[in-house]
Structures are given as C-alpha cells and as structure tokens.
Amino acid sequence: MIEVEHLSKVYGTTAAIKDITFKVNTGEILGFLGPNGAGKTTTMRILAGYLPATKGRATVANYEVHENSMAVRQRIGYLPETPPLYPEMSVVGFLDFVAQIKGIPAGDRPQKVESAIKRCNLVEKRHTLIRKLSKGFRQRVGIAQAIVHDPPVIILDEPTVGLDPRQIIEVRHLIKSLAGSHTIILSTHILPEVSTTCNRIAIINQGEVVATNTPESLLSQMNAGGGYELEVEGTLETTQWALQSVEGVTLVQSLDDDPSVTAAGRHRFQVSVDEQKGRDIAAAIVGAGLGLYAMRPTGASLEDVFLKLTTKESPVSDNDQPLQDSMDRLEIEDRHTHESIEGEHGKIH
C-alpha cells in the first residue's frame, strides 16, 4: 500500500532524511519510531504531499506522490502533530466542512460524518464547540477529520502527544480499531506506543532508517541467545557446578546484593546461554539436588533495542536553534514553490 524507495530531503546543506527505504502492507499499522529531530515529521509530510522530496520516490495506493499529488491526497487521511481544528465550530459542523473540502458528495456527507463521529466515540460531543473540548477529545476530532472520507491510508504524526494516561489508552484503542480496513503509519518517539499498537516498526535515527521489523523479531535479534533468572536453594558455587553439564552456558552470576545472605537458603542468579535451553537448565538444577523455586526468561526490552540503534544521536544544543529556524523557513519556501508548480500544472491541463 505504501512504498518508499531511497527517499531524501535536503534543506540547503542539511539532510533531514537520507536515502530511506521501507514499505507498509495493506491493513498494517507501521510504527515510525525515532527520537525528536530524527526525520519522522519530514517523512510524513512528504507522504502526505505536503512537501516534495529532494530525491527518491514514494508510492501511496499505487500513485507516485510527486507525480500524482492530488490523487494521493484523496486517498490519505493525515493528522499532523497539531490537529488542524477550528475552535469556534461544533464537532459535527467541522466534520461536515472537512467532508465538503475533501470532495464528498452532498448526499453522502451526513452518513460519512456520522460514521466518523461514531468510530471516534464523539457521539455525546457532536454539538459541542471544539474550543470547549478537552485535549483528548480534540485529538479524537483530529482523527475523525482524517478518516471522514474513509481513505485507505491514514498518517498519524505523534497522535498521543500531550495526552494524559487515560486519554492515551483510549486513542491507542481507537487507532487499533482502524487497522485492517485502513493502512496506518504511526509516527512517535514513545516506545509503549509501538509495542502496544503496531504490527511492525521502522526505527529512524538522524534521518536514516536503521531497522525495520516486527517488535518480536527486533527483540530476538538483539537477544541472540537467551538468559534466565533463577531462584535456587543453593549457593553460587553449587549452582555453577550444576550448570557445568549444560552446553552453551556462558555466565552464572548472583543477583543478590550480598551472596552470603540467604532467604531460607534461596538465592537469585542470572544465567546467560548461547541458545534457549530452559529445559536443560531446569533439569540440571533439579538433577543436582538443588531446589528450583522460580525460573523466568530474561532479555533485552524494546527500550534496549531503541537505545542501541539510536546511540549515535547528538544532543540538541542552544546553537542548533538558528539552524532549525533556517530549516523551517526553507520548508515553507519549498512548500510554497511546490504548490505554485502544482497550480501552474493544473492550469496547463
């Protein structure tokens, strides 16, 4: 449904994104994960037809974004980080207005607006002025305007930023409910967002995609072998002796603050092994006559994967602000030029 090939965007001499390639399958939710300033928003804006790329190509619903910008915009729903809302309009009035500018025929608009309101759980707020809504409900209205024309592709840029924990959970459930009938790109720097919502993850750092896979595959690749935390009725020495018979064990270390202090003779140990050999480890402990009270697998978390893949990021200093301001000005000029060219193109045809 979405294919990005060798996409780059350069502002002056600064590359916001560099030769990125990824794809999103039909009905899938892709988490576009990266630290602030990694290039997530730039990529989203290019896919939405808001900005032209410097190099490369992007295809949405079989339309090339640069060559068929208007066709692409008709087939996507886009929620920028700050929802584009009119605070003095009611929820239903605003969504009807959005439906009009998105070209939905007058006879179909009431049904489309009503469907968006129900899907985003806005029924009780339909006649409320947007300025009177909480931030969580305003975010729901932002998602509703993105789906009111029932597009096959939805692009969400930081959809839960600034929300409280309950609102975050509600918006995540809403996004998951849209999967299957829509293909979704979810841009975020919040790790729980992707682990609870997305089918696959693309991690971007300093403008480059450094990994693309399912959360489970990324974790298994980083863990490589395996590890276990044990609670054993025995000392470090006896546990090490018992596990000598298990091939591939590379480390047995105590997790107790003071190995000489026991709780009913029990100690906690970390075992590292080249392969998943939980059965062999348990058999060796029990076979040596040691009591095995607990055994749980351990490994890297998604946070560990993210930190490992983004450790090259340099902290933003105060001196970077003039550069950011310059990039913002260049982006505005770039967008206006793109819109002007599109306008002239429309006149010719």
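Reader: Which residues does leucine 309 touch, not counting those up to four places away in sequence, and what makes this a contact?

Author: Leucine 309 touches Ile203, Asn205, Val210 and Ala211, where contact means heavy atoms within 4.5 Å. The model is a predicted one, in which local features need pLDDT of at least 70 and side-chain atom pairs count only at pLDDT 80 or more, while totals for chains, interfaces and linings use all residues. Residues are numbered from 1 along each chain as its sequence is written, and side-chain values use heavy atoms, with hydrogens and water left out.

Reader: How far apart are leucine 309 and isoleucine 203 in sequence and in space?

Author: Leucine 309 and isoleucine 203 are separated by 106 residues in sequence, and their C-alpha atoms are 7.9 Å apart. Leucine 309 belongs to helix H11 (residues 302-309), which packs on a sheet and touches S3, S9 and S10. The direction of H11 makes about 35° with that of S9.

Reader: Is leucine 309 buried, exposed or partly exposed, and what makes it so?

Author: The relative accessible area of leucine 309 is 27%. Buried means under 20%, exposed means over 50% and partly exposed lies in between, with a 1.4 Å probe and protein chains only, so leucine 309 counts as partly exposed.

Reader: What makes S9 and S10 a pair of strands?

Author: Two strands pair if DSSP finds at least two bridges between them, and here 5 bridges join strand S9 (residues 200-205) to strand S10 (residues 208-213), so the two antiparallel strands count as a pair. Among the facing residues, isoleucine 203 is opposite alanine 211, and isoleucine 204 is opposite valine 209. The two strands form a hairpin with 2 residues between them, and glutamine 206 in the turn has a positive phi of about 50°. Strands (E, at least two residues) and helices (H or I, at least four) are DSSP runs, numbered from the N terminus.

Reader: Which strands are the edge strands of the sheet that holds S9 and S10, and why are they called so?

Author: The sheet is open, with 6 strands in the order S6-S7-S8-S3-S9-S10 and mixed pairing. Strand S6 (76-79) and S10 are its edge strands, as each pairs on one side only. Neighbouring strands of this sheet are turned by 15° against each other on average, direction ignored. Helix H6 lies across strand S3 (29-33), strand S7 (153-157) and strand S8 (183-188), and runs at about 150° to S8.

Reader: Why are H5 and H6 called roughly parallel?

Author: Helix H5 (residues 135-147) and helix H6 (residues 165-178) pack at an angle of about 15°, with their axes 10 Å apart. Axes are lines fitted to C-alpha atoms, for helices over the stretch in contact, and angles run from 0 to 180 degrees between N-to-C directions. Angles under 35 degrees count as roughly parallel, over 145 as roughly antiparallel, 65 to 115 as roughly perpendicular and the rest as oblique, so H5 and H6 are roughly parallel.

Reader: What makes the contact of H5 with H6 a mixture of nonpolar, polar and charged residues?

Author: Gly136, Arg140, Ile143 and Ile147 in H5 meet Gln167, Glu170, Val171, Leu174 and Leu178 in H6. These residues divide into 5 nonpolar, 2 polar and 2 charged, where Ala, Val, Leu, Ile, Met, Phe, Trp, Tyr, Cys and Pro count as nonpolar, Asp, Glu, Lys and Arg as charged, and the others, Gly among them, as polar.

Reader: Why does H3 also count as roughly parallel to H5?

Author: The axes of helix H3 (residues 91-101) and H5 come within 9 Å and cross at roughly 30°, which makes H3 roughly parallel to H5. Val91, Phe94, Leu95 and Val98 in H3 meet Val141, Ala144 and Gln145 in H5, and these residues divide into 6 nonpolar, 1 polar and no charged.

Reader: In the other open sheet, that of 4 strands, what is the order and how do S1 and S2 pair?

Author: Its order is S2-S1-S4-S5, with antiparallel pairing, and its edge strands, which pair on one side only, are strand S2 (14-24) and strand S5 (63-64). Strand S1 (residues 2-11) and S2 pair over 7 bridges in the antiparallel sense, and phenylalanine 22 in S2 is the bridge partner of valine 4.

Reader: Why does alanine 61 count as buried?

Author: Alanine 61, in the loop between S4 and S5, counts as buried because its relative accessibility is 13%. Its phi is near 55°, a positive value in a residue other than glycine.
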